[in-house]
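Reader: I spend my days at the bench, and I'd like to learn how to read a structure like this one. Could you walk me through it, feature by feature?

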Amino acid sequence: MRYMFLVLSLAVTTTFAQDANLNPKSIQIIRIEEAPKIDGSLDDVIWQTTPIATDFVQRNPDPGKPATNETEIQMLYDDAAIYIGAKMYDAAPDSIRRGLAGRDQIGDASYIGIFIDAYRSGLNGESFIVTTAGVQFDAKYSQNGEDENWSAVWKSNVQFTDEGWTAEMRIPFAALRFPKKDVQDWWVNFQRRDRRIGEETWWKHVDPEINGFFNQFGDLEGMENIDSPTRLFLYPFIATNAQHFPHNEEGVKNWNRGFNAGMDIKYGINDAFTLDMTLIPDFGQAASDDQILNLQVFEVQFNENRQFFTEGTELFSKGDLFYSRRIGGTPMKFYDVYSEADESGETIISNPQTVQLLNSTKVSGRTKSGLGIGVLNSVTAPTTAMLEDTEGVRREIQTNPLTNYNVMVFDQNLKNNSFISLVNTNVWRAGGDDNYEANVTGGLFSISNKKNTYAIDGGAALSQKYFTNFKNPGLGFQTALGLRKTSGNFNFGVEHTIVSDQYDHNDLGFLRRNNTHNIEGFAVYNIYKPFGKFLNMSFGMSGEYNALYKPSAYREFSINPFFNATFKNFMRIGGWVYTTPFGSHDYDDTRTSNERYYDMPGFLGTGGWFSTDQRKKVYLQANYGVGTVFEDDRWFYRFGLRPFFIISDKWRMDYRFNYRHGNYDTGYVEHWTDDDIIFGRRNIDNYENVLNASYIFTNRMGLTLRARHNWTKVVYQKYHLLDENGDLAPTTYDGIDEDGLAYNNTSFNAVNLDLIYNWEFTPGSRLILVWKNNIIRADNDTDISFFRNFGETVTGDQSNFFSVKLLYFLDYLSLKKA
């Protein structure tokens, strides 16, 4: 606690204002009494007398060069909103690309957008973009990057002229956060992308050689005496669904149906902070996970697809201590049910794979002194499985207790693109001697010099677990400290990291490995200006030394040279080499808690990728990789192809194929006895086919399809006993049962199809129809062709999920006026 108060004291007393403008540029915004009509035409009288900002500059492909086509920007405001008028000249107006796409997607279109840093932090802000097809894109930005899942309700429209195209936007103050003061001196910038010629330009030049983004913006002048309006948005919804799986078992239904009604709420507590709440949420529209056959000891990390946990969560990502999929994830004792059923001879009647989320709330914002505060709290319901014995008697087993998840973040912006942050995560579980509470407290910082050319980064975290019976497994910690050169053509960095053997933040975070002691570094040279046949190029090298923390022992040393380049015909290429010249001690795959290791010989691999000109209607991306272990017959190769087809302004599709073969891939099989660890040499073939297609009817209505098939075939060639020195010794183990079945050989198929219809019938209100088809098939039949395997998979048992959700947007201010 003493450390926490020290950090907060530093945060709230440190100023962060800084000068972003080495070459100052400003735009005047004019107060109006009557708002223009947002039809995209710019024919309202007020636009004829409003000051114009122009002189856009390229960032790509030739940084610093004047834009090929002129752009003019004008800004207005009243008590309710800001208005942007934009005129984009084009020498070939008939050739302007205007492909439709879904909300928050750009597609095959040009666009114009405004970027706003209302607090002049140089680190955080929002963007509002409209494409030539009238599609809206908005996002939040922080040190963690772009959060395009954030969505606001605003108006825009576009028109085409003989000179190019024009756009109008109305962004209500209710969609923005800004400080409470008489004069609003925001930092702003405007970006234009011309899809046809592949050019990205900015009103205030964003130099790629300078570290940072918002710190290179221009000044907004002339906006005074505005107040943050009441920000209360309600999103009531109703949803119904049906799910079918052919269990064909007595007492088990093939069809299950559900109905749900709830509400999402957004409330502006004050000018800077917003409350987001979801009550009885429905996530039936979230995309399906890409399931794989996992032969590693590490857990598979899936993407977060639930909107509440993807939208406006940039603060909670600080320090990488929060993994939202833990909330409402797999029950703690989900797999224990199968073991108990095997031992008791009972039948599993039900065993839910996910925990029901009851509610989730987040409060986030940033004060005018640059202190960001975020609090997220979620509650999940108890989860039970049901077993039935041979006499029909049923009993319940609790697989997950009532659980509360909490994340708290304090993030202070400092001058020179610097920050200092404090993060705390907590998981509380109700009752039970084997349930426990978990807490992680971490701090991190990044301090840059005045010229913003060098930065020192660091952080530390402490993890603790508390059991109901007061059993305490001890404290764990992690620390990191690094130095980076961040601006100019030549950049480099070095970092030292320690993760103790007791450290664990997996209750609400994601950590693949603890007990590590790492030193890593990189050096890269970037050429941003065109030369010869190239538009740009970068090349460099990274390296890492990895050891155990306790006991101190060598794990691995790796070197990784790389390069990337873009030709003047907009073809892009890249390549890499990766090697572990001294081999590695694999403590993970032995499954012995770092007590034993497999002494893996050295490895050398290389690969590359290319992409043809993405300005075209048809373009191709491809990649390859080859590698060998310094041992007989151990090698791999992989390749991937992904063609893109822009069939029309409404219809586009792409197909991705990846194949990988591992010859004599070596890994853990099982513990034959308590001390005898069996490793196997296996041939692995993996095929992945993914089809993405979309037909967009209008800029507010579209149909999207994603279909994926992943097949992994594992055939064991030889088995070994892992000896005490980490070497592979002969063994009598053969992996064959009494029926002659090679039971370790595996054929694993995962198929998922997501078909989604989305109609935004009024701003913020949506009708969503979903069909999901999922198939998981695993057996030992590896002597099978690809097409026969695919046919047997798609004609086998499969799950079908159908959902309809109607969500309606209600704005308190609009209701009040009515």
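What follows is a chat about empty spaces, paired side chains, backbone oddities and a surface patch.

Author: Happy to. Keep in mind that this is a predicted model.

Reader: Let's start with empty space. How many cavities of 30 Å³ or more does the structure hold?

Author: The general idea first: rolling a probe the size of a water molecule over the atoms shows where empty space is left. Here, the structure has four cavities of 30 Å³ or more. Take the second largest cavity, with about 260 Å³ of space. It has 21 lining residues, and the ones closest to its centre are Asn124, Glu126, Lys140, Glu314 and Arg366.

Reader: Which elements give two or more residues to that lining of the second largest cavity?

Author: Those are β5 (111-117), β6 (125-131), β7 (136-142) and β20 (357-366). If you sort the lining of this second largest cavity by class, you get eight charged, eight polar and five nonpolar residues.

Reader: And pockets? What is the volume of the second largest pocket?

Author: About 770 Å³ for the second largest pocket. Its lining has 36 residues, with Val153, Pro172, Ala174, Ala175 and Phe233 closest to the centre. At least two lining residues come from each of β10 (164-172), β16 (232-244), β17 (255-268), β18 (273-279), β20 and α5 (812-817). By class, the lining of the second largest pocket splits into 16 nonpolar, 14 charged and six polar residues.

Reader: Now rings. How many aromatic pairs does the structure hold?

Author: The way to read one is simple: a pair of aromatic rings is described by the distance of the centres and the angle of the planes. This structure has 52 aromatic pairs. Look at Phe115 and Tyr141: their ring centres are 5.7 Å apart and their planes sit at 40°, so the pair counts as tilted. The pair also links distant parts of the chain, with Phe115 in strand β5 and Tyr141 in strand β7, 26 residues apart.

Reader: What about charges? How many salt bridges does a search of the whole structure find?

Author: In general, side chains of opposite charge can pair when their charged atoms come close. The search of the whole structure turns up 43 salt bridges. One of them joins Asp276 to Lys266, with the closest N and O atoms 2.7 Å apart. Asp276 is in strand β18 and Lys266 in strand β17, so this pair ties together parts that are ten residues apart in sequence.

Reader: On to the backbone. Which peptide bond has omega near 5°, and which has omega near -5°?

Author: As background, most residues other than glycine have a negative phi, and most peptide bonds are trans. The bond from Asn60 to Pro61 is cis, with omega near 5°, and Pro61 sits in the loop between β2 (57-60) and β3 (71-77). Another cis bond runs from Lys550 to Pro551, with omega near -5°. You'll find Pro551 in the loop between β31 (534-548) and β32 (553-567).

Reader: Is phi of Asp55 positive or negative?

Author: Positive: phi of Asp55 is near 60°, and Asp55 isn't a glycine. Asp55 belongs to the loop between β1 (26-31) and β2.

Reader: Last one, the surface. Which residues form the nonpolar patch there?

Author: Ile447, Tyr454, Ile456, Leu481, Leu483, Val494, Ile519 and Tyr545, together with about 680 Å² of accessible area. Both β27 (454-467) and β28 (476-485) supply at least two residues of this nonpolar patch, and Leu481 is found in strand β28.

Notes: Residues numbered from 1 in each chain as written. Predicted model: local features only at pLDDT ≥ 70, side-chain atom pairs only at ≥ 80, totals over all residues. Heavy atoms only, no water. Patch = residues over 30% accessible without salt bridge, like charges linked within 9 Å, V, L, I, M, F, W, Y side chains within 5 Å. Areas by Shrake-Rupley, 256 points an atom, 1.4 Å probe, with all protein chains shown as cover. Salt bridge = Lys/Arg side-chain N within 4 Å of Asp/Glu carboxyl O. Helix = DSSP H or I, 4+ residues; strand = E, 2+ residues; numbered from the N terminus. 1 Å grid on protein atoms, 1.4 Å probe; cavity = no way out; pocket = protein on both sides within 12 Å on 5 of 7 lines; lining within 4 Å. Points joined across faces, edges and corners; volume = space filled by probe spheres on them. Nonpolar A, V, L, I, M, F, W, Y, C, P; charged D, E, K, R; others polar. Phe/Tyr/Trp six-rings, centres within 6.5 Å; stacked < 30°, edge-to-face > 60°.
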